[in-house]
Amino acid sequence: MKLYSMPSSGNSYKVRLLLALLGRAVEIVDVEDNSAEIQRAKSDGMLPFGKAPVLMLDDGRLLPESNAILGFLGEGTAFVPADPFARATMNGWMFWEQNQHEGTVAVRAALLNYAHRRHLATPERLADLLERGHANLQIMETRLQAHDWLAADAVSLADICLYGYTHSAGSRGGFDMARFPGINRWIERIASLPGYKGLSE
Ligand SMILES: N[C@@H](CCC(=O)N[C@@H](CS)C(=O)NCC(=O)O)C(=O)O
């Protein structure tokens, strides 16, 4: 299999992290933001939704959307709880990551870190994203104050998914992570899982 992966992106990193934790190797094709490589992948039809990551199966089928890829790779592994309620809760966190968390935590980091997006980073927008991102991080904090993992009593795809952008929310997004001790302990818990790889490894 081949993974079209953006080196600096949390959406691509969460897939690389799951592969590392599963001890699975796939061919990685780097398609950095705003690069000739991503333009080529788009024009070759490798990114059906125009975005990375995309997993290409050995038979050539293409699977876009990071959380769909996590579900595909996680099928039948310990990262997907057997209990239907725990599994649905895991999916709930992953939908929430895409429709709430990513649009604040990841977007603020992108505005601050990608030079070609800086012109979009108005003070008003940054302040709004900061406030809404902190509110989303507080939702995770409330869960993680009382539990080790987001969806179940063991690590699941929800944790890998939300780790993607949360682990660098302070350093890249400018969020005040000192407010979230439960999240910080969870970040350490994930970083000590066997096989763990960081964003740039
Ligand atoms: N919902 C998608 C979002 C993917 C996405 O937004 N990818 C961005 C990087 S994080 C991208 O490929 N941007 C390049 C572009 O739009 O040209 C997922 O989770 O895979």
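In this predicted model, Pro81 is buried, at a relative accessible area of 13%. The residue sits in the loop that links helix 3 and helix 4. Once neighbours within four places in sequence are set aside, Pro81 is in contact with Ala86, Arg87, Met90, Ala152 and Ser156. Ser156 is worth a second look: 75 residues separate it from Pro81 along the chain, yet the two C-alpha atoms are 6.9 Å apart in space.

A second loop residue, Ala169, is also buried, with a relative accessible area of 1%. That figure counts as buried because the cut-off is under 20% relative accessible area. Ala169 belongs to the loop between helix 6 and helix 7. Apart from neighbours within four places in sequence, its contacts are Val105, Leu137, Gly174, Phe175 and Met177. Ser43, by comparison, is 126 residues from Ala169 in sequence and 32 Å from it in space, going C-alpha to C-alpha.

Turning to the interior, nonpolar side chains in soluble globular proteins tend to be buried together. Here the largest nonpolar core has 44 residues, and the members touching the most others are Trp93, Leu137, Met140, Leu150, Leu162, Ile183 and Trp186. Two or more residues apiece come from helix 1 (10-22), helix 3 (66-74), helix 4 (84-113), helix 5 (123-146), helix 6 (157-166) and helix 7 (181-191). Helix 6 gives the largest share, seven residues. Both domains chip in, with at least three residues drawn from each of domain 1 (2-74) and domain 2 (84-191).

Ile183 shows what one of these well-connected members looks like up close. Beyond its neighbours within four places in sequence, Ile183 is in contact with Leu137, Met140, Glu141, Leu144, Thr166 and Met177. There is also a second, separate core, made up of eleven residues, with Tyr4, Met6, Ile38 and Val54 among them.

That leaves the ligand, which has 14 residues around it, the closest being Lys42, Lys51, Glu65, Ser66 and Gln98. Both lysines face ligand oxygen through a side-chain N or O atom: for Lys42 the distance is 2.6 Å, and for Lys51 it is 2.7 Å. Glu65 pairs up with nitrogen instead, with a polar side-chain atom 2.7 Å from a nitrogen atom of the ligand. On its own the ligand has 510 Å² of accessible area, and the protein covers 82% of that.

Notes:
Residues are numbered from 1 along each chain as its sequence is written. This is a predicted model: local features need pLDDT of at least 70, side-chain atom pairs count only at pLDDT 80 or more; totals for chains, interfaces and linings use all residues. Side-chain values use heavy atoms; hydrogens and water are left out. A nonpolar core is a set of buried Ala, Val, Leu, Ile, Met, Phe, Trp, Tyr and Cys residues joined through side-chain atoms within 4.5 Å. Buried means under 20% relative accessible area, exposed over 50%, partly exposed in between (1.4 Å probe, protein chains only). Helices (H or I, at least four residues) and strands (E, at least two) are DSSP runs, numbered from the N terminus. Domain bounds come from an automatic or database domain assignment. Contact means heavy atoms within 4.5 Å. A residue is near a molecule or strand if one of its heavy atoms lies within 4 Å of it. A polar contact is a pair of N or O atoms within 3.5 Å; within protein, one must be able to donate a hydrogen and the other to accept it, and residues adjacent in sequence count only if both atoms are side-chain atoms. Accessible areas come from the Shrake-Rupley method with a 1.4 Å probe; for residues, only the protein chains shown count as cover.
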